[in-house]
Amino acid sequence: MDIEDQRLKAAFHYTVACLCEEVAEDKNIKISKQTIAAISEITFRQCEMFAKDLEMFAKHGKRSTINVEDVKLLARRSNSLLRYITQKSDELSLNNLEQKEKKKKKSAAKKGGRDSNEEPVAIENEDSNMA
Amino acid sequence: MKRTVPRSTLKNLLKKHKPQLRLGGNADLLVHLNFLLFLFRLAEEARTKAIEEKSKIIKYEHVVSSAKIILKKSRG
């Protein structure tokens, strides 16, 4: 359990370092290692909070699965973030629709012949017709 | 401190904001509790602001600047 925790934190740290590098190049500033460590720690704690909140939102909706609506609720506190998240979720649902149509066309053309490089959709958005 | 809860006033205020919203059972009491806690937080913040400026009286500016912070913190 503890080793998993450590690995997760390391992954967080690595990602934060990559993002910080991008920002540093963009803004022509230097970011110290301690700053990056602090940011990754903050991110980790924030994710714990997010997870608890999302669980509660899903429970409130009498569901055990967290969906896009819960994530939108999580982002309700800041208007710009909410707009951004909504836009992204719309993009995702559009993508899903396209994928489904492609799959339909493929299955219609191949009559069930499965392709090896067919990637499954990462996030299954069940409310794609709600947007 | 006043011990009674102005329930009808609270309901009227909520009605003014959201006319189609209906409140269940004793939800207005919880709303009042939330409001009281908000006031406590605001008072604490304003007092710290006043102490920071070495003032013994809470002034208008302290309340305004702390209201900005506390309102942001107490968003749902």
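How many helices and strands does the secondary structure of chain B come to? In this predicted model, chain B has three helices and zero strands, and its elements follow one another as α-α-α from the N terminus on.

**Dimensions of chain B**

The C-alpha trace of chain B spans about 45 × 25 × 15 Å along its principal axes. Its radius of gyration is 15 Å, whereas a compact globule of 76 residues would have one near 11 Å. Of the 76 residues in chain B, 18% are buried.

**Salt bridges**

Over all chains the structure holds nine salt bridges, and three of them are set out below with the N to O distance of each pair.

| Pair | N to O distance | Location |
|---|---|---|
| Arg45(A) and Glu41(A) | 3.2 Å | helix α2 (residues 33-60) of chain A |
| Lys88(A) and Glu91(A) | 3.8 Å | helix α4 (residues 79-110) of chain A |
| Asp28(B) and Arg7(B) | 3.0 Å | helices α2 (residues 27-52) and α1 (residues 7-17) of chain B |

In chain A, Arg45(A) and Glu41(A) are four residues apart, about one turn of helix α2, and Glu41(A) counts as partly exposed because its relative accessibility is 28%. Lys88(A) and Glu91(A) are three residues apart, again about one turn, in helix α4 of chain A; Lys88(A) is partly exposed with a relative accessible area of 36%, and Glu91(A) is likewise partly exposed with 39%.

The pair in chain B is formed by Asp28(B) and Arg7(B), whose closest N and O atoms are 3.0 Å apart. This pair links distant parts of the chain, with Asp28(B) in helix α2 and Arg7(B) in helix α1, 21 residues apart. Asp28(B) has 1% relative accessibility and therefore counts as buried, the cut-off being under 20%, while Arg7(B) is partly exposed with a relative accessible area of 30%. Through salt bridges that share partners, Arg7(B), Lys11(B) and Asp28(B) are joined into one network.

**Charged surface patches**

Asp2(A), Glu4(A), Asp5(A) and Glu48(A) form a negative surface patch. Helix α1 (residues 2-27) of chain A contributes the largest share of this patch, three residues, and Glu4(A) is found in that helix.

A positive surface patch is formed by residues from both chains, namely Arg77(A), Lys68(B), Lys72(B) and Arg75(B). Among them, Lys68(B) has its place in helix α3 (residues 60-73) of chain B, and Lys68(B) counts as exposed because its relative accessibility is 67%, where exposed means over 50%.

Key
Residues are numbered from 1 along each chain as its sequence is written. Chains are lettered from A and ligands numbered from 1 in the order in which they are written. This is a predicted model: local features need pLDDT of at least 70, side-chain atom pairs count only at pLDDT 80 or more; totals for chains, interfaces and linings use all residues. Side-chain values use heavy atoms; hydrogens and water are left out. Patches are made of residues with over 30% relative accessible area and no salt bridge: like charges are joined within 9 Å, nonpolar side chains (Val, Leu, Ile, Met, Phe, Trp, Tyr) within 5 Å. Accessible areas come from the Shrake-Rupley method with a 1.4 Å probe; for residues, only the protein chains shown count as cover. A salt bridge is a side-chain nitrogen of Lys or Arg within 4 Å of a carboxyl oxygen of Asp or Glu. Lys and Arg count as positive and Asp and Glu as negative; His and the chain ends are not counted. The place of a charge is taken as NZ of Lys, CZ of Arg, CG of Asp or CD of Glu. Helices (H or I, at least four residues) and strands (E, at least two) are DSSP runs, numbered from the N terminus. The radius of gyration is taken over C-alpha atoms; the globule rule is 2.2 Å times the number of residues to the power 0.38. Buried means under 20% relative accessible area, exposed over 50%, partly exposed in between (1.4 Å probe, protein chains only).
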